[in-house]
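Work through these short exercises on aromatic contacts with the model open beside you. Each task is followed by its solution.

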Amino acid sequence: MTIIDETAESFGPQGTGQPLLEVRDLHVEFTTRDGVAKAVNGVNYSVGAGETLAVLGESGSGKSVTAQAIMGILDMPPGRIPKGEIFFRGQDMLKMSGEERRKIRGNRIAMIFQDALSSLNPVLSVGYQLGEMFRVHQGLSKKAAKAKSIELMDRVKIPAAAARVNDYPHQFSGGMRQRIMIAMALALEPDLIIADEPTTALDVTVQAQVMDLLAELQREYHMGLILITHDLGVVADVADKIAVMYAGRIVETAPVHELYKRPAHPYTRGLLDSIPRLDQKGQELYAIKGLPPNLTRVPSGCAFNPRCPQARDICRTDVPPLFPVTERDGGELAGRGSACHFWKETIHG
């Protein structure tokens, strides 16, 4: 049995060089009244400069918890990291002091949260909140920080930025507030941005505008981008590679277009089949049966087996590793892996 050694593969958009960020065998647990919830269970992934990794999965799959562990903003307790490594530019952040991590957070790694309205302080103007980044981290005066704030608001295409810099969050639309969150993330020109559901609660047109803006800014600054979402339709045009998560584990990895053309895991196929399509107007939308598991009582074997149409006896007893996915003739498919005992049936039919 061959298993992908994710620490040995090449990284970056051209497949060479050291990654900006590399997560190795990360585990995150939460102590609850019902028991220990294993929110993240052995996650491995990486992202290079100028590269976009999309992390997909339903709510509760561990996507955001992994991001919080990277940023060092987990509530501990009840959370804890019993095992794993998080390397940023070759340094393990889990071994850093709190002060060392704070110097990286915001400066070198920034995060865009999914709910802009609750993430912004309602009693402070957006200009003041943007300017705080420059006042605290760069020691700029209030006047200079305000000028920088206007520049950032212009950069993320907020109309009449100079006139609106003193407005409050509630005076902006949802899409404009998300642009302000992007501006805050960009303020110190970080190497890596983690965008956690950046288009949640936005209409389709605004979603497209926000994603186009992120892609444009990433190209300009040559940043790494981790895009966390449950919506496969959002990432099709912006991601380079995809990691699909389920019940705290990565169940499939693939370059973005390969995954859309030929998924190699039944869960990924279910997610793709549930996307609304123009040629199926009037037809009932497909839905994956059942619900994600309770993380304090994850099923034995493959966690997806109670919902999987391909499940067999081995799926209920043996946890599948991330197998390398190949062509029918055994030819290598770079960057592809599937945690399914029967991945060949899924990808090759």
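A residue counts as buried when its relative accessible area is under 20%. Keep in mind that this is a predicted model.

**Exercise 1. Decide whether Tyr 267 is buried or exposed.**

Step 1: Take the relative accessibility of Tyr 267, which is 0%.
Step 2: The cut-off for buried is under 20%.
Step 3: Tyr 267 therefore counts as buried.

**Exercise 2. Classify the pair formed by Tyr 246 and Phe 304, and place both residues in the chain.**

Step 1: The search of the whole structure gives 3 aromatic pairs.
Step 2: In the pair of Tyr 246 and Phe 304, the centres are 5.2 Å apart and the planes make 80 degrees.
Step 3: Angles over 60 degrees count as edge-to-face, and this pair is edge-to-face.
Step 4: Tyr 246 sits in strand β9, and Phe 304 in the loop between α11 and β11. They are 58 residues apart.
Step 5: Both Tyr 246 and Phe 304 are buried. For Phe 304 the relative accessible area is 3%.

**Exercise 3. Work out which parts the pair of Tyr 267 and Phe 304 ties together.**

Step 1: The pair is edge-to-face, at 5.3 Å centre to centre and 65 degrees between the planes.
Step 2: Tyr 267 belongs to helix α11, Phe 304 to the loop between α11 and β11, so the pair joins parts 37 residues apart in sequence.
Step 3: Tyr 246, Tyr 267 and Phe 304 make up one aromatic cluster.

**Exercise 4. Find which ring lies under Arg 164 and which under the charged end of Arg 312.**

Step 1: Arg 164 lies over the face of Phe 172, 4.0 Å from the ring centre.
Step 2: The charged end of Arg 312 is over the ring of Phe 342, at 4.0 Å from its centre.

Notes: Residues are numbered from 1 along each chain as its sequence is written. This is a predicted model: local features need pLDDT of at least 70, side-chain atom pairs count only at pLDDT 80 or more; totals for chains, interfaces and linings use all residues. Side-chain values use heavy atoms; hydrogens and water are left out. Rings of Phe, Tyr and Trp (its six-membered ring) pair if their centres lie within 6.5 Å; planes under 30 degrees apart count as stacked, over 60 as edge-to-face and the rest as tilted. Helices (H or I, at least four residues) and strands (E, at least two) are DSSP runs, numbered from the N terminus. Buried means under 20% relative accessible area, exposed over 50%, partly exposed in between (1.4 Å probe, protein chains only). A charge sits over a ring if NZ of Lys or CZ of Arg is within 6 Å of the ring centre and within 35 degrees of the ring normal.
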